[in-house]
Amino acid sequence: MRLSHLLAAGAAVLALTLGSGAADAQALDRILKDKKIRITAQVDSAPFGILGKDNKPTGSEIETARQLAKDLGVELELIQVSGAQRIPALLSDRADLAISSLSITSERAKSVWFSSPHGALSIVIGGPKSVNIKSAADLAGKKIGMSRATLEEQEVPKIAPPGTNIVFFDEHAATQQALLTGQVDAIGSAAFLINDLSKKAPDKQLEVKFTVVTAYYGIAVKPGNFDLLQWVNSWVFVNKHNGVLAKIYETHTGVKLVDLPAM
Amino acid sequence: MRTFSSNEFMFLLGAMRWTVVLSLIAFALGGALGGLIAILRISSLLPVRLVATGYIQLFQGTPLLMQLFLVYYGLGLFGLRLDAWTAVVIAYAAYAGAFLGEIWRGCIQAVPRTQWEASESLALSYLQQLRYVILPQAVRIAIPPTVGFLVQLVKATAVASIIGFVELTRAGQLMSNATFQPMIVYPVVAALYFVLCWPLSLWAQHLESRLRVGAAIGRAK
Amino acid sequence: MTYVFQFGIVFDRFHELLQGAWLTVQLSAISMALGLSLAIVCAFLRTTGPRPVRWIVAAYVEMMRNTPFLVQIYVIFFSLPAIGLRFEANQAAVVAMVVNLGAYATEIIRAGIQSVPIGQIEAGRALGLTRIQVYRKIVLFPAVKAVFPALASQFILLLLGSSVVSAISAKELTAIANTMQSTTFRAFEVYIVVTVMYLAIAVAFRGFFAAVYWLVFVRGRA
């Protein structure tokens, strides 16, 4: 395509003039020196991250972040992000770590570096009882909502038959509202989220229709931050063994943590 | 099940504070930038004018959301470690600077040409002409549209919610999610914005009508 | 580690962005036409309607002008279904854009109407024209001509503001960009390209408005 070549050339010139960012190989040193670590907090993603009764962030991933900062001996700064910004927040150096139920995928691993997993989740299709969906084939003709930059965004289109109307929202908050207000027939999301919603809004009669994929999620760092990743991996290892991670997970999800494979 | 009550309302009010703070900081910084842009825009040097015009065209010709995304995602790539607050403030200040620059340029140029000529004949330098003769007159004309723009800026801060910045709109979304009562939460959020903006709008209208009356009296003399 | 720009990823999928841009243009154009029509009616009611009607129009205008467009979209998409009004994303976007633009344009056209000399209106009435005929044949044309630049600016603001309708899943330009950035993680590259696209669309619309002005108000009356 002619036009795109021209645009690419212009863009390349722009890129050259803008230059490029600096390295941050000593991320861990900096964090220890500043006595502060910045970790992403996604608060519209129950039970991983929510606003508690007092409207303070909580949830399994937020508590994991708190525990990690405590063990590192530094102050925790929660960087509130929407789901779509978990990775950009790292890449644009707005956060040191992403601890926001970020499933480990080979696609994402091209952009960020993952630690060993510290939790597991399954992506499902969920919706009201009245909507007849039993398997992927039933998605045809239905409007299915999901949030951008999620595992469901990657996986659901692969199993959806032609004629499925998939619509994307920028964040879970909007996706959930779309489900609850009937703007979509069903949504793709973590199973926990559907269970949480059905408990909080029993009148909507929400249920899990079927499981799309299961995944492990880990802690992500910006590529290049070897020292930080190394420390995080050690931390995950220690807290897997002493049961702290399992306890946080079970407290918030109500489900026993499965055996986590090492990476 | 949680319902929308005083606790949730207080959360919205608390978040509204950030809407106000962001608006004011962006307005102050954008004002400083806008003043500079306005002066550059009326410069007698063509390249200077072109830079200022280009800046205005760029920010008035592209969506605020894109400007926000670019600053938010972009600055970090160049080794600038900014927290979300700083990034958002920079984006809004740049946006406000473009609009205020253009508004104020119009106001400066609304001062009759003869005023420049008269002050020049008094052997005032360019900056003196601007400072003692032109700007005092331009400021009077500029106040109503400037207050009007402040309303636009307050409303524009809602867009920051899209990048996860917690202000009134984002708080509304979170509360709507916590209570499952969007039919209550969003109208309340809208009402809170209205409470912020309407007095400003009325003030701008009032200032404008007073200015118009003043101008009419001036002509009658 | 230095950041390496990769615009290639964006241009490989440029056709998707073009589709999004086309929807942006469509949504904006429809909203401009409908919003202007709404404003012409509202401006008429606001200036010559009975007092309660004038009040209602004024309340509508103030409500719209003093609340953020994004919140208006959320109310239309997420709140209205509770009272049985359900719009799908594109419809909700158009409805929001029309009522938003309608309010601003009402005020702009009202200012234009007030700039029409009262003598012309009285002359029209003296010729036995009805109020609506006077409005249509005598007042509207010079009023719109007088405020055309302000209307055009408002249209451009609407076009640029339409980028936030991605938040309710409309698949316009910003939405496509968001999806692209979430799958390629090339946020900066994607948004640079899309920003330039918006700029181009805005310039094209400005050119179109200038042409309309010339055809309707300059040449049409020569």
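**View 1. The end of helix H9 in chain A, and what packs against it.** In this predicted model, A:Gly254 comes just after H9(A) and has a positive phi of about 75°. The helix itself covers residues 244–253, and its buried residues are A:Leu245, A:Ile248, A:Tyr249, A:His252 and A:Thr253. Looking down the axis of H9(A), you'd find these buried residues within an arc of 105°, so they line one face of the helix. The spacing fits a general rule: an α-helix has 3.6 residues a turn, so residues three or four places apart point the same way. What covers the buried residues of H9(A)? The cover includes helix H3 (60–72), strand S6 (113–128), helix H7 (191–200) and helix H8 (226–241), which belong to chain A.

**View 2. Two backbone details in loops of chain A.** Start at A:Pro47, which sits in the loop between strand S1 (36–41) and strand S2 (50–51) of chain A. The peptide bond leading from A:Ala46 into A:Pro47 is cis, and its omega is near -5°. Now move to the loop between S2 and strand S3 (57–58) of chain A, where A:Asn55 is found. A:Asn55 isn't a glycine, yet its phi is positive, near 65°. Is A:Asn55 buried, exposed or partly exposed? With 18 other C-beta atoms within 10 Å, A:Asn55 is partly exposed.

**View 3. The two domains of chain A.** Chain A splits into domain 1, made of 24–120 + 217–253, and domain 2, made of 122–214. Measuring between centres taken over C-alpha atoms, domain 1 and domain 2 of chain A are 26 Å apart. Where the two domains of chain A meet, 13 residues of domain 1 are in contact with 14 residues of domain 2. On the domain 1 side of that contact there are five nonpolar, six polar and two charged residues.

**View 4. The largest nonpolar core.** This core has 205 residues, and the members that touch the most others are A:Ala98, B:Leu68, B:Tyr95, B:Val159, C:Ile73, C:Ala93 and C:Tyr191. Which helix gives the most to the core? That's helix H4 of chain B (residues 84–110), with 15 residues. Domain 1 (24–120 + 217–253) and domain 2 (122–214) of chain A both contribute residues too, so the core lies between them. For a closer look at one member, take C:Ala93: setting aside neighbours within four places in sequence, C:Ala93 is in contact with C:Leu27, C:Val165, C:Ile168 and C:Ala170.

**View 5. Chain C on its own.** Chain C has nine helices and zero strands, so to speak a run of α-α-α-α-α-α-α-α-α from the N terminus on. Its C-alpha trace spans about 75 × 50 × 25 Å along the principal axes. How much of chain C is buried? Of its 222 residues, 47% count as buried. Many contacts link distant parts of the sequence: among contacts in chain C with a separation of 6 or more, 79% join residues 24 or more positions apart. As for confidence, chain C averages a pLDDT of 93, and 98% of the residues score at least 70.

**View 6. A buried loop residue in chain C.** C:Ser169 lies in the loop between helix H7 (131–161) and helix H8 (173–184) of chain C. Though C:Ser169 is not a glycine, its phi is positive, at about 80°. Is C:Ser169 buried or exposed? C:Ser169 counts as buried, with 27 C-beta neighbours inside 10 Å.

**View 7. Where chain C touches chain B.** The contact takes 29 residues from chain C and 29 residues from chain B. On the chain C side, helix H3 (51–65), helix H4 (69–79) and helix H9 (187–219) each supply at least two residues. H9(C) gives the largest share of that side, ten residues. Sorted by class, the chain C side has 21 nonpolar, six polar and two charged residues. For the complex, the predictor gives an ipTM of 0.92 and a pTM of 0.89.

**View 8. An exposed glutamate in chain B.** B:Glu117 is part of helix H5 (residues 113–121) of chain B. B:Glu117 is exposed, with 10 other C-beta atoms within 10 Å. From B:Glu117 to B:Leu174 is 57 residues along the chain, and their C-alpha atoms are separated by 58 Å.

Definitions and conventions. Residues are numbered from 1 along each chain as its sequence is written. Chains are lettered from A and ligands numbered from 1 in the order in which they are written. This is a predicted model: local features need pLDDT of at least 70, side-chain atom pairs count only at pLDDT 80 or more; totals for chains, interfaces and linings use all residues. Two residues are in contact if their C-beta atoms, placed from the backbone, lie within 7 Å. Helices (H or I, at least four residues) and strands (E, at least two) are DSSP runs, numbered from the N terminus. Ala, Val, Leu, Ile, Met, Phe, Trp, Tyr, Cys and Pro count as nonpolar, Asp, Glu, Lys and Arg as charged, and the others, Gly among them, as polar. pLDDT is the predictor's confidence in each residue, from 0 to 100. A residue is buried if 20 or more other C-beta atoms lie within 10 Å of its own, exposed if 12 or fewer, and partly exposed in between; C-beta atoms are placed from the backbone. Domain bounds come from an automatic or database domain assignment. The arc is that of the directions from the helix axis to the C-beta atoms. A nonpolar core is a set of buried Ala, Val, Leu, Ile, Met, Phe, Trp, Tyr and Cys residues joined through C-beta atoms within 7 Å.
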